[in-house]
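Student: Could we walk through this model together? I'd like to learn how to read it step by step.

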Amino acid sequence: MDFFRPDSLAEALAAKAEHADAVPIAGGTDVMVELNFDHRRPAALLDLGRIVELHEHGRQDGKVRIGAAVPYARIIDELGRELPGLAMAARTVGSPQIRNRGSVGGNLGAASPAGDSHPALLAANAEVEIASIRGTRMVPVKDFYTGVKRNVLAPDELITAVHIAPATGAQQFSKVGTRNAMVIAVCAFGLALHPDQKRVGTGLGSAAPTPRPATKAEEFIATELDWESPKPLADSVLRRFGALVAEAASPIDDVRGSAAYRRHALAVLARRTLGWAWSEHLGGGRRACA
Amino acid sequence: MSILGTRVHRVEDPAFLTKGGTYTDDLTDERLAGALHLTLVRSPIAHATITSIDTSAAKQAPGVVAVLTAADCDLEPVLVFDRANKKMVRPYLATDRVRFVGEPVAAVLTEHPYQGEDAAELVDVDYDPLPAVVDVEAALNGEVLLFPEAGTNVATAKGSADPGAGFFADCEVVVTKQILNQRVAPAPLETRAAAAAWDDGRYTVFCSNQNAQGTRDDLAERLGVDVADVHVILPDVGGGFGAKIGADPEYVLVAWLARRLGRPVRWSESRSENMTGLVHGRAQHQTITIGGDRDGTVKAYQLKIVGEAGAYPAFGAALPNLTGMMARGTYDIARKHSSYVSVVTNTTPTGAYRGAGRPEATQAIERAMDLFARAIGMDPADVRRKNFIAPEQFPYEITDEISYDTGEYAKALDLALRSAGYEQLRAEQARRRERGDTKLLGIGLSSYVEITAGGGASENGSVEVHPDGTVTVLTGSSPHGQGHATAWAMLAHEQLGIPMEKITVRHGDTDQIPEGAGTMGSRSLQTGGIAVHKAAGELVELAKQRAADLLEADVADLVVDKDVAAITVAGVPSARKITFAELAAQEQLRVHTEWDAGKATFPFGAHVAVVEVDAETGKAAVQRIWAVDDAGPVLNPLLFDGQRHGGIAQGIAQAMLEEVTYDEDGQPLAASFADYGIPSAAELPSFDLVGMETPTDANPLGYKGIGEAGTIGSCPAVQNAVIDAVAHLGVDHIDMPLTPVRVWTAIQQAAGGAK
Ligand SMILES: Cc1cc2nc3c(=O)[nH]c(=O)nc-3n(C[C@H](O)[C@H](O)[C@H](O)COP(=O)(O)OP(=O)(O)OC[C@H]3O[C@@H](n4cnc5c(N)ncnc54)[C@H](O)[C@@H]3O)c2cc1C
């Protein structure tokens, strides 16, 4: 096995262009598990560990740009205020060791329907910055996932960053599992209020072949919420929202849970997170937590 | 002031916390110089005949010294549990058939371990799959047999499943339920490891294990050599939980290979190997039937067990017998009936795991008590009180030979309930139900009694004082994390006055300590500890006899001056003092002694668990647990509570998280820590440990065992609590682990049933 360790993004992109079968490794918390269990024997590894650009975050065009390899621990510590939904999701990833290594770029690279950052990225309308020696392109995160553990990356491309607008409203993330961390969630849900756009963003995890938004639920709630003079939401509205989120799912039965349970739990998570977020909105910013 | 009963810090810890332990895989012993590394090719299929094995490619791989299969191995297949069906013998490397995923098929020996990983993949095994027997019903109907020559899948059985006509006839209410005490993985932090050398006609075997001498005897028998020709040494051992007792097949193979290849051989398993290669625990399918009157009197209790022995009957096949023996728990029930069948299935063999047989008994009777209470509409605490064995009934006979020694069961439960504020908890539960709160409160009780030192209550110990004033204690009971070095030193210090830091405890080397039974079944303090206590006492007597002449005094007038670790004359402050060290300088000062209590002891207690259940998602969280664990007087609260902490964590984990499952083809579905939930601090509340001490009469210090009590008490309390939380919705039972999906499904089914 070859091991490439580029010092700059340009070198990394050149290496990836030349060795399309080289597997990028950021935190390695997915890659090393696959190697260890012999699920994968790549011809080469492309270590992103030395590339400064991928380990930085900053502002660009009013958005937060997070380098693909920035670990969850730093997102929690450094970006919790601007990106509360993503930080909440990040807090539930694995264990401290995993959060010190694992990254959003890696989560996107793996594109597992169970990845915890996806619901938060979807709810916040994140964009994925993708680069190759051919250039750079931006892909809305909802178009990024193409199938179970598949994404839009071409063989010569790397994820370089995600771009997310700083929160303008309340955000929530909630998941159900045997325990809160160190186990793959049975299902997860992310929600973001966008008062500036008068809409609500959603994201479903472990509920379909790919992470996805609940579009009909978003459309429904956009018409129900009164952004000008906000009032408490009727229970029937919350429930309808939950039901539409559940409808957006196409879950499966597996060892972790039945499809019926996943649908039901998503409805509960959706109803609750919307309730919490809307009360935060009404109450001027006090956050509830799952 | 006596050191006994005080919170002495573990003498083991400074080394563990600084340089770390030395486990089998860390050894740099010169006897292992030039060792080959063993990698096992394990079956990926649960049930198949092996049609051919081609090792030629593997033999060509870099670093490969040898590749061996059953055809090369002259070890006799072994009947691991000697009372199982005689045909159910286990080969060291699979011969014509594999019977579980993870069964060793070929041995690859290489210069470096990583070479073995690569070469093992080149061993080409042709499997012809057979239908897998996974569930016990399929095993019992016997359509597919694991051992056709046995003619049955039953490994061992006892008792009729029919308690006889009239067993429940006079009961106003009878409740019956099928419950599962699920299969769990012991998951010790240190996976198994062994290293062996064969030199000059003698085996030296280092391994991760709970009992050096028993393992030596197993090795000698299975290798077909004299006990004198096997030397077993146990370095630090990183946990065992009962699953590292005796010589595992891999250990025998490592020793045999060392001789066969003429070079030392080392083996250390990966976590994945450990999850299928090490025995599993529990795996009992139980039918409980409880009958009694509406006033709360339980009159009859029947426990029917189908135990999973796994592919090759080992100790797990025997454990339902112990479960049956302990079935009545803490209750004086007029009629008790138990029976069991242990069957083989295409799964990992089962063995002992913390509690081994007793948690299964406690879970069953404590679930039965709750079911009965529910059926007659009585508070579960009141039903328990109504049926407890009363203090004046001790010794309380449970078999012709065995009696509960001492117990205060009602007192323990009352103490636990008082500590928890039971009435207030019930009131809070009612308030939440009335409000229609989605966060439901559940309160679960358990009362337990268990047997410790049940496998034999004798042990040896020696105490020697050296001329430099240091002491060596030898014990037959080697620890694997319990803290014997601290406890035994306290016991020796108590009588000799020699400072603890001068006392060294040695264990786990069969040349130094030829006899001993090891650490299992919560036996050590009351056997090995008492042996050291006795040896130290005898050493004092010996020292007095030798000092009498020198002090020109009568032996009866001599005492130990503990401040200076010397013998002197009682009541004469000016009298000369002769230290133990001085006596040792004149003549070896050493006592070796045997202690045999002749009987087991029966620790008991009561736990109260409080859980919160999210009625909408089914997610349950343990909020508090109050544990009264009475194992007699406490030698060292730090060690005692440490055992309770670990035990309670594992009990909660079985209730909430852990389960080894297989698909219908016998493929394990939870064979790594990504899928198998071992407990972490995040799922556990702080434990409220409540003290109570009722001594046994089995030994002079009144000690019982505490190693397994926490697991035995906590698991049923937590299961009962989760079910209690949703009981008003019509749920009367949910099998463990109580995952959100299961709890939610139970609520749905109860609601559906009620319609
Ligand atoms: C014990 C444990 C617990 C875990 N718990 C969770 C959890 O709770 N929630 C969760 O979501 N995940 C969890 N994971 C999975 C994993 O930690 C996450 O998916 C993490 O985000 C991966 O990030 P990484 O940087 O380690 O990725 P890596 O392992 O380095 O890479 C993951 C994949 O992405 C590709 N990749 C990485 N960077 C790039 C890039 N810049 N461009 C293109 N492709 C790239 C890699 O080639 C690989 O295919 C857990 C893993 C472990 C081992």
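Student: How far apart do the C-alpha centres of domain 1 and domain 2 of chain A lie?

Tutor: Good place to begin, and keep in mind that this is a predicted model. The domain assignment gives chain A a domain 1 at 1–46 and a domain 2 at 171–283. Taking the C-alpha centre of each of these two domains of chain A, the separation is 35 Å.

Student: Why do the buried residues of helix H1 of chain A line one face of the helix?

Tutor: Let's start by naming them: in H1(A), residues 9–18, the buried ones are Ala12(A), Leu13(A), Ala15(A) and Lys16(A). Now look down the axis of H1(A): these buried residues line one face because they fall within an arc of 160°.

Student: And which strands do the buried residues of H1(A) pack against?

Tutor: Follow the buried residues of H1(A) outward to their contacts in chain A. The partners are S1 (2–4), S2 (22–25), S3 (44–47), S6 (127–132) and S10 (158–164).

Student: Which element gives the largest share of the shell around the ligand?

Tutor: The ligand is surrounded by 29 residues, with Gly27(A), Gly94(A), Gly102(A), Gly106(A) and Gly109(A) the closest. By class, the shell has 15 nonpolar, eleven polar and three charged residues. In chain A, S2, H2 (31–36), H5 (96–101), H6 (104–110) and S10 each supply at least two shell residues. The largest share, five residues, comes from H6(A).

Student: Moving to chain B, are the faces of strand S23 covered or uncovered?

Tutor: Check S23(B), residues 566–569, one side at a time. Ala566(B) and Thr568(B) on one side are buried, and so are Ile567(B) and Val569(B) on the other. Both faces of S23(B) are therefore covered, going by the rule that a residue is buried if 20 or more other C-beta atoms lie within 10 Å of its own.

Student: Which residue stands opposite Ile567(B) in S24(B)?

Tutor: S23(B) has antiparallel pairings to trace here. Four bridges join it to S22(B), residues 558–561, where Leu558(B) has Val569(B) as its bridge partner. Two bridges join S23(B) to S24(B), residues 578–579, also antiparallel. In S24(B), the residue opposite Ile567(B) is Ile578(B).

Student: Which residue in the hairpin of S22(B) and S23(B) takes a positive phi?

Tutor: Look at the link between the strands, which has four residues. The positive phi, near 55°, belongs to Ala565(B).

Student: Finally, how many residues of chain A are in contact with chain B?

Tutor: On the chain B side there are 15 contacting residues, made up of six nonpolar, six polar and three charged ones. The number on the chain A side is 14.

Terms used
Residues numbered from 1 in each chain as written. Chains lettered and ligands numbered in written order. Predicted model: local features only at pLDDT ≥ 70, side-chain atom pairs only at ≥ 80, totals over all residues. Buried ≥ 20, exposed ≤ 12 C-beta atoms within 10 Å, placed from the backbone. Pairing = 2+ DSSP bridges. Domains from an automatic or database assignment. Arc of directions from axis to C-beta. Contact = placed C-beta atoms within 7 Å. Near = placed C-beta within 6 Å. Nonpolar A, V, L, I, M, F, W, Y, C, P; charged D, E, K, R; others polar.
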